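Hi,

Here's the structure I said I'd pass along. Have a look at it first, and then read my notes below.

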Amino acid sequence: MRVFRSRMMFSFLRTLILILLCDVFGSDDVKSVSVLEGDSVSLNTDVTEVQSEQKIMWTFGPQRTQIARIYKQNIDTDATNTILENRLQMDNQTGSLTVRNIRSEHSGLYELQIYIYRGISVKRFSVSVYALLPVPVITSNSSNCSSSSPSSSSVSRCSLLCSVVNVSAVTLSWYKGNSLLSSISVSDLSISLSLPLEIECLDDSYRCVVAYSFTNRTKHLNNTDLCQPCSDSVHCCGSTEAVIRLVVSALVGVATVAVVVYDITSRRAQ
Ligand SMILES: *[C@@H]1O[C@H](CO)[C@@H](O)[C@H](O)[C@H]1NC(C)=O
């Protein structure tokens with residue numbers, strides 16, 4: 001009980017100290033920003049117009065390396081000798097910072113310091129750069145028509161597998177229209193992630209979606225080779241259809257030959 005109480009006390013004191021520290025430095029919470037590799041990200045100051053004498057400074061990383069600033073309306077975004085060199089852009093109206101063509105090594109803490117009358121206002125952005133999402137691949141892992149018994153009224157089932165490779169922090173899901181059928185999530189890097197789905201027949205409202213919390217990619221199930229379409233599911237495996245086609249073309253062929261032969265013989269007779 002005493003241990004518990006002193007722990008409570010300790011965590012209370014720690015919280016109090018943290019609150020005081022934050023107050024001194026005038027920082028609010030860290031804002032999380034998620035972005036895809038290769039995209040541009042803009043970090044907003046929420047300043048509507050930078051005053052002519054105002055100084056705004058951006059830093060990056062735990063060392064708070066200065067990467068950009070605006071002072072007396074002069075903008076410096078060179079970020080010389082840093083990994084952000086030649087990637088930065090600053091809005092001269094607002095002081096907002098844009099990082100172009102962002103890469104994973106540019107993940108980290110970006111800090112904004114606005115020098116205001118008798119103090120500094122600080123904003124922090126935690127930027128996470130995510131690898132591009134691959135388009136999911138849908139495969140069929142059984143034959144289209146696996147009737148449980150030949151006499152049954154063609155209860156064909158189709159087993160599908162949706163897969164993605166080399167992903168992390170994603171959710172893989174099957175949808176039919178807007179309803180979620182099943183899903184699986186991984187947080188760590190996964191070499192290969194798959195989710196099975198069994199359907200009776202194919203219609204194009206099925207889709208497989210791979211998603212980060214902020215963006216996603218979709219593969220629609222529209223390849224008719226994978227499963228029997230719902231509209232003509234009576235033609236199991238297409239074998240009956242093939243036989244009928246063969247017979248019909250044979251008949252047409254025989255008829256054509258007969259007509260031609262008849263034509264030639266009747267001409268000769270004349
Ligand atoms: C996929 O992203 C779009 C916007 O980009 C969103 O409207 C949709 O809800 C997302 N879908 C899923 C399954 O996350």
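What follows is a quick run through the cores, the ligand site and one surface residue.

First off, keep in mind that this is a predicted model.

The cores: the largest nonpolar core holds 25 residues. Leu43, Ile56, Trp58, Ile67, Leu84, Tyr110 and Val127 are the members that touch the most others in it. Quite a few strands feed this core with two or more residues each, among them S1 (27–36), S3 (55–60), S4 (65–71), S8 (108–116) and S9 (119–130). There's also a second core, separate from that one, with 23 residues; Leu172, Leu193, Ile199 and Leu221 are included in it. As background, nonpolar side chains in soluble globular proteins tend to be buried together.

The ligand: Tyr175, Val209 and Asn216 surround it. Asn216 also offers a polar partner, with a side-chain N or O atom 2.3 Å from an oxygen of the ligand. On its own the ligand has 360 Å² of accessible area, and the protein covers 36% of that.

The surface residue: Asn166 sits in strand S11, which spans residues 158–167. Is Asn166 buried or exposed? Its relative accessible area is 51%, and the cut-off for exposed is over 50%, so Asn166 counts as exposed. Setting aside neighbours within four places in sequence, Asn166 is still in contact with Leu189, Ser190 and Ile191. As for Asp188, Asn166 is 22 residues from it in sequence, with 10.0 Å between their C-alpha atoms.

Cheers

Notes. Residues are numbered from 1 along each chain as its sequence is written. This is a predicted model: local features need pLDDT of at least 70, side-chain atom pairs count only at pLDDT 80 or more; totals for chains, interfaces and linings use all residues. Side-chain values use heavy atoms; hydrogens and water are left out. A nonpolar core is a set of buried Ala, Val, Leu, Ile, Met, Phe, Trp, Tyr and Cys residues joined through side-chain atoms within 4.5 Å. Buried means under 20% relative accessible area, exposed over 50%, partly exposed in between (1.4 Å probe, protein chains only). Helices (H or I, at least four residues) and strands (E, at least two) are DSSP runs, numbered from the N terminus. A residue is near a molecule or strand if one of its heavy atoms lies within 4 Å of it. A polar contact is a pair of N or O atoms within 3.5 Å; within protein, one must be able to donate a hydrogen and the other to accept it, and residues adjacent in sequence count only if both atoms are side-chain atoms. Accessible areas come from the Shrake-Rupley method with a 1.4 Å probe; for residues, only the protein chains shown count as cover. Contact means heavy atoms within 4.5 Å.
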